[in-house]
Amino acid sequence: MHSQITVRPALPKDYDAVARITMSSYVTAGYYGSPDHPYLEKLRDVAGRARHADVFVAERDGQVIGSVTSVKAGGDFSDIGLPDELEMRTLVVDPDVQRSGAGRALVQAVVEQARITEGINAVSLTTGATWESANALYAKTGFVRKPERDWFVPGTDIKLFVYRQDVRQP
């Protein structure tokens with residue numbers, strides 16, 4: 001039986017662990033062939049990310065085991081968010097503890113953040129079209145695919161899916 005997972009805002013002392021987990025999870029999953037990929041270099045700068053967005057960590061027994069970033073539309077770290085959305089970015093869980101509930105806990109933290117943020121009606125996110133485990137997690141946690149918002153990584157044939165979850169009751 002695993003200990004409870006808690007989610008909290010990342011502190012500067014967590015940034016090295018978040019960078020390591022980000023690199024490990026993206027490379028292990030085969031999303032990027034090398035940790036030197038320019039996009040991964042950008043994600044490795046957790047302090048820079050935290051200046052423009054909210055970074056959260058999942059922790060178990062005092063160990064950081066995952067992370068997620070959320071940002072309002074128009075921010076320096078926002079890609080696809082609309083004005084009434086909180087955009088969820090860079091959800092990662094240490095490959096050694098994936099499927100432990102950490103990913104789900106991090107998703108729920110962003111959904112809860114959106115529910116209490118004035119002017120925010122939904123959470124949106126982008127994920128790789130071929131990233132099966134990520135797509136499955138988002139479907140299981142209440143996100144709905146928005147194919148009309150799908151897009152391609154500029155200069156490539158890599159298709160990205162967009163999902164959205166409404167957080168306001170009609």
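Is V162 buried or exposed in this predicted model?

**Figure 1. Surroundings of V162 in strand 8.** V162 lies within strand 8, which covers residues 159-166. The residue is classed as buried because its relative accessibility is 0%, and the cut-off for that class is under 20%. Leaving aside residues up to four places away in sequence, V162 is in contact with I80, L125, T126, V144, R145, K146, R149, D150 and W151. One of these partners, W151, is 11 residues from V162 along the chain, and the two C-alpha atoms are 7.9 Å apart.

**Figure 2. Surroundings of S124 in strand 5.** Strand 5 spans residues 122-128 and includes S124. With a relative accessibility of 0%, S124 is counted as buried. Its contacts, again without residues up to four places away in sequence, are I80, G81, E85, L86, E87, M88, R149, Y163 and R164. I80 and R149 appear in this list and also among the residues touched by V162.

**Figure 3. Helix 4 and its buried residues.** Helix 4 consists of 14 residues, 102-115. From the first C-alpha to the last, helix 4 reaches 20 Å, close to the 20 Å expected at 1.5 Å a residue. The buried residues in helix 4 are A102, G103, L106, V107, A109, V110, V111, Q113 and A114.

**Figure 4. Crossing of helix 4 and helix 5.** Two packed helices are described by the angle between their axes and the distance between the axes. Here the axes of helix 4 and helix 5 (residues 132-140) come within 11 Å of each other and cross at roughly 50°. The arrangement of helix 4 relative to helix 5 is therefore oblique, and the crossing is right-handed. On the helix 4 side the contact is made by G103, R104 and V107, which meet L137, Y138 and K140 of helix 5. By class, this contact comprises three nonpolar, one polar and two charged residues. Of the helix 4 residues at the contact, G103 and V107 are also listed as buried.

**Figure 5. G74 in the loop between strand 3 and strand 4.** The loop that holds G74 connects strand 3 (63-72) with strand 4 (85-93). G74 is exposed because its relative accessible area is 73%, and the exposed class begins over 50%. R104, one of the helix 4 residues that meet helix 5, is 30 residues from G74 in sequence. In space, G74 and R104 are 26 Å apart, C-alpha to C-alpha.

Methods: Residues are numbered from 1 along each chain as its sequence is written. This is a predicted model: local features need pLDDT of at least 70, side-chain atom pairs count only at pLDDT 80 or more; totals for chains, interfaces and linings use all residues. Side-chain values use heavy atoms; hydrogens and water are left out. Helices (H or I, at least four residues) and strands (E, at least two) are DSSP runs, numbered from the N terminus. The expected span of a helix is 1.5 Å times one less than its number of residues. Buried means under 20% relative accessible area, exposed over 50%, partly exposed in between (1.4 Å probe, protein chains only). Contact means heavy atoms within 4.5 Å. Axes are lines fitted to C-alpha atoms, for helices over the stretch in contact, and angles run from 0 to 180 degrees between N-to-C directions. Angles under 35 degrees count as roughly parallel, over 145 as roughly antiparallel, 65 to 115 as roughly perpendicular and the rest as oblique. A crossing is left-handed if the near helix is turned anticlockwise from the far one by less than a right angle, and right-handed if clockwise. Ala, Val, Leu, Ile, Met, Phe, Trp, Tyr, Cys and Pro count as nonpolar, Asp, Glu, Lys and Arg as charged, and the others, Gly among them, as polar.
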